[in-house]
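Reader: Before we discuss this model, could you set it out so that I can ask how its descriptions were reached?
Author: Here it is, and each description can then be set against the criterion behind it.

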Amino acid sequence: MAEHAVIHLKNVDIFQQKHLVLSNVNLHIDKGEFAFLIGQTGSGKSSLLKIIYGDLHIGNGEGMVADFDLKTLAEKDVPYLRRKLGIVFQDFQLLTDRTIEKNLEFVLRATGWSDKALIAERIKDVLDKVGLRSKIKKMPHEISGGEQQRVVIARALLNDPEIILADEPTGNLDPDTSEEIVILLRQISQNGTAVLMATHDYHIIRTFPSRIIKCENGVITDNVQLV
Ligand SMILES: Nc1ncnc2c1ncn2[C@@H]1O[C@H](COP(=O)(O)OP(=O)(O)OP(=O)(O)O)[C@@H](O)[C@H]1O
């Protein structure tokens, strides 16, 4: 694997059960890169993300993600791989029964943090990164959808990941708020965390010209140009 690669898949076949979803996937993403992942419903975007976060096993081929070898990854190592990944998925929302601060503290404690002062400091750091320090004591329902998504991004940053995987992070947001979220994700990538963002939003893709990876007809195509 090249020195700065955080995702490196070589000749990987991706299956869901016995169904071959994507074949011969070659994908190389470097530290701090930002890329869009596009493709129609059912084309394999989620399956590709699942391979990267260790939810699907690779059969054929080779895969390295944040220095973890996917081929030999044991079930017990999956949580350690996940700590290197920040996951921003629609079905992974904030806990509604506690404040922003307690949501973030919950994740830190679940991933081994115990020092109160360090926890407090880390929570302030990540909220600063997404511009929401002033909302620390709010409940999720007391902030807007865009702010909630920023908190989800802050949560993804807690363990200083090498990669953010974002699946439709702007799916429920209005166009202006969507742009703000993508601007934030691009800033994060410029600070050294690679970002792979699955989206159907062509307005966003056109507004923020970036590398585009497309799933189509059972294969991925890299560096796609929109016409
Ligand atoms: N758990 C599963 N078992 C069997 N087949 C599955 C499973 N999950 C997905 N598939 C199939 O794998 C293919 C790729 O699905 P995938 O969810 O990766 O697509 P996608 O591009 O992420 O779609 P969407 O944009 O709707 O999220 C589809 O044909 C789907 O039906």
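Reader: Which elements each supply at least two residues of the shell around the ligand?
Author: In this predicted model, strand β2 (19–30) and helix α1 (45–52) each supply at least two residues of that shell. The helix α1 gives the most, with three residues.

Reader: What makes a residue part of the shell around the ligand, and which residues are the closest?
Author: The criterion is a C-beta atom, placed from the backbone, within 6 Å of the ligand. In this model 13 residues surround the ligand, and the closest are Gln16, Thr41, Lys45, Ser46 and Ser47. By class, the shell divides into two nonpolar residues, ten polar and one charged.

Reader: Why is α1 called mostly covered?
Author: A residue counts as buried if 20 or more other C-beta atoms lie within 10 Å of its own, and six of the eight residues of α1 are buried, so the helix is described as mostly covered. The buried residues are Lys45, Ser46, Leu48, Leu49, Ile51 and Ile52. Just after α1, Gly54 takes a positive phi of about 75°.

Reader: How do you know that β1 and β2 pair, and in which sense?
Author: At least two bridges are needed for two strands to be called paired. Strand β1 (residues 5–16) and β2 are joined over eight bridges in the antiparallel sense, so the requirement is met. One of the bridge partners is Asp30 in β2, which stands opposite Ala5. The two strands form a hairpin with two residues between them, and Gln17 in the turn has a positive phi of about 55°.

Reader: What makes β2 and β5 the edge strands?
Author: Four strands form an open sheet in the order β2-β1-β4-β5, with antiparallel pairing. Within this sheet β2 and β5 (68–69) each pair on one side only, and they are the edge strands. Between β1 and β4 (residues 62–65) there are four bridges, again antiparallel. In β4, Gly63 stands opposite Leu9, and Met64 is the bridge partner of His8.

Reader: How do you know that the span of helix α4 is close to the expected one?
Author: The expected span is 1.5 Å times one less than the number of residues. Helix α4 (residues 116–129) has 14 residues and reaches 20 Å from its first C-alpha to its last, close to the 20 Å expected.

Reader: Why are the buried residues of α4 said to lie on the same side of the helix?
Author: The buried residues of α4 are Ile123, Val126 and Leu127. They cover an arc of only 100° around the axis, and therefore they sit on the same side of α4. In general, an α-helix has 3.6 residues a turn, so residues three or four places apart point the same way. The buried residues of α4 pack against α3 (100–110) and α5 (145–157), whereas the face turned away from the buried side carries the exposed residues Ala117, Leu118, Glu121 and Asp128. Just after the helix, Gly131 takes a positive phi of about 70°.

Reader: Why is Gly171 called partly exposed?
Author: A residue is exposed with 12 or fewer other C-beta atoms within 10 Å and buried with 20 or more. Gly171 has 14, which falls in between, and is therefore partly exposed. Gly171 lies in the loop between β7 (163–167) and α6 (175–190). Although 28 residues apart in sequence, Gly171 and Thr199 are 7.9 Å apart in space, C-alpha to C-alpha.

Definitions and conventions: Residues are numbered from 1 along each chain as its sequence is written. This is a predicted model: local features need pLDDT of at least 70, side-chain atom pairs count only at pLDDT 80 or more; totals for chains, interfaces and linings use all residues. Ala, Val, Leu, Ile, Met, Phe, Trp, Tyr, Cys and Pro count as nonpolar, Asp, Glu, Lys and Arg as charged, and the others, Gly among them, as polar. The arc is that of the directions from the helix axis to the C-beta atoms. Two residues are in contact if their C-beta atoms, placed from the backbone, lie within 7 Å.
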